[in-house]
Amino acid sequence: MTPALAKLELRHIRYILAAAERGSFRQAAEALGVHPSALCRRIRDLEEEIGAALFIRTRGGISLTQAGDRFHSAVQKAMSSIEEAVYDVGVMGRGEEGVVRI
């Protein structure tokens with residue numbers, strides 16, 4: 001496991017996805033219920049750990065860099081897989097699918 005991956009948490013991925021979707025760190029922070037400075041700081045820290053800028057920052061908002069676009073696409077797929085896994089296990093846990101042994 002790389003050092004950057006060891007520090008990456010699911011909430012940090014949510015920060016990146018929300019910021020990319022909204023084009024604003026402030027709006028992403030509001031949507032996630034976190035302080036904008038905390039979100040900005042964590043994204044900046046992740047960019048340093050990864051070794052690439054994910055966002056272009058301007059007065060008018062933010063946009064993804066080429067590296068950011070690639071990262072965003074990959075983490076969207078990862079989040080979909082995680083959501084699918086949670087759903088599938090929940091269905092099995094509720095006995096809606098799978099084998100029930102008595």
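Accessible areas here come from the Shrake-Rupley method with a 1.4 Å probe. On that basis the protein, a predicted model, exposes about 7100 Å², and carbon and sulfur atoms supply 54% of that area. Buried residues make up 28% of the 102 residues in the chain. As for how the chain is put together, it holds five helices and two strands, which run along the sequence as α-α-α-α-β-β-α. Of the contacts with a separation of 6 or more, 44% join residues that sit 24 or more positions apart.

Next comes the nonpolar core. In soluble globular proteins, nonpolar side chains tend to be buried together. Here the largest nonpolar core has 18 residues, and the members that touch the most others are I16, A19, F25, L39, I43 and F55. Four helices, namely α2 (10-22), α3 (25-32), α4 and α5 (66-93), each put in at least two residues. The largest share goes to α2, with six residues. F25 is a handy one to click on: setting aside residues up to four places away in sequence, F25 touches A19, L39, C40, I43, F55, R57 and I62.

Helix α4 takes in residues 36-50, 15 residues in total. From first C-alpha to last, α4 reaches 21 Å, close to the 21 Å expected at 1.5 Å a residue. Its buried residues are L39, R42, I43, L46 and E47. These cover an arc of only 140° around the axis, so they lie on the same side of α4. Two of them, L39 and I43, already turned up among the core residues that touch the most other members. Right after the helix, G51 takes a positive phi of about 95°.

The buried list for α4 also has charged residues in it, among them E47. E47 counts as buried because its relative accessible area is 8%, under the 20% cut-off. Leaving out neighbours within four places in sequence, E47 is in contact with A52, A53, L54, F55 and R57. R42 is another buried entry, at 15% relative accessibility. R42 forms a salt bridge with E49, where the closest N and O atoms are 3.3 Å apart. The partner, E49, is partly exposed, with a relative accessible area of 27%. R44, also in α4, is partly exposed at 41% relative accessible area. R44 and F55 are 11 residues apart in sequence, and their C-alpha atoms are 9.2 Å apart in space.

Side chains of opposite charge can pair when their charged atoms come close. A search of the whole structure turns up five salt bridges, one of them the R42 and E49 pair just described. Another joins R26 to E30, with the closest N and O atoms 3.0 Å apart. R26 and E30 are four residues apart in helix α3, so about one helical turn separates them. R26 is partly exposed, with a relative accessible area of 46%, whereas E30 is exposed at 53%. The side chains of E21 and R22 meet in a salt bridge too, at 3.8 Å from N to O. Of these two, E21 is exposed, with a relative accessible area of 53%, while R22 counts as partly exposed at 37%.

That leaves helix α5. At 1.5 Å a residue, its 28 residues should span 40 Å, and the end C-alpha atoms are 41 Å apart, which agrees. The buried residues of α5 are G68, F71, H72, V75, M79, G90 and V91. The cover over these residues includes α2, α4 and β2 (61-64). After α5 comes G95, and its phi is positive, near 75°.

Conventions. Residues numbered from 1 in each chain as written. Predicted model: local features only at pLDDT ≥ 70, side-chain atom pairs only at ≥ 80, totals over all residues. Heavy atoms only, no water. Expected span 1.5 Å × (residues − 1). Buried < 20%, exposed > 50% of the residue type's maximum accessible area, 1.4 Å probe, protein only. Arc of directions from axis to C-beta. Core = buried A, V, L, I, M, F, W, Y, C linked by side-chain atoms within 4.5 Å. Contact = heavy atoms within 4.5 Å. Salt bridge = Lys/Arg side-chain N within 4 Å of Asp/Glu carboxyl O.
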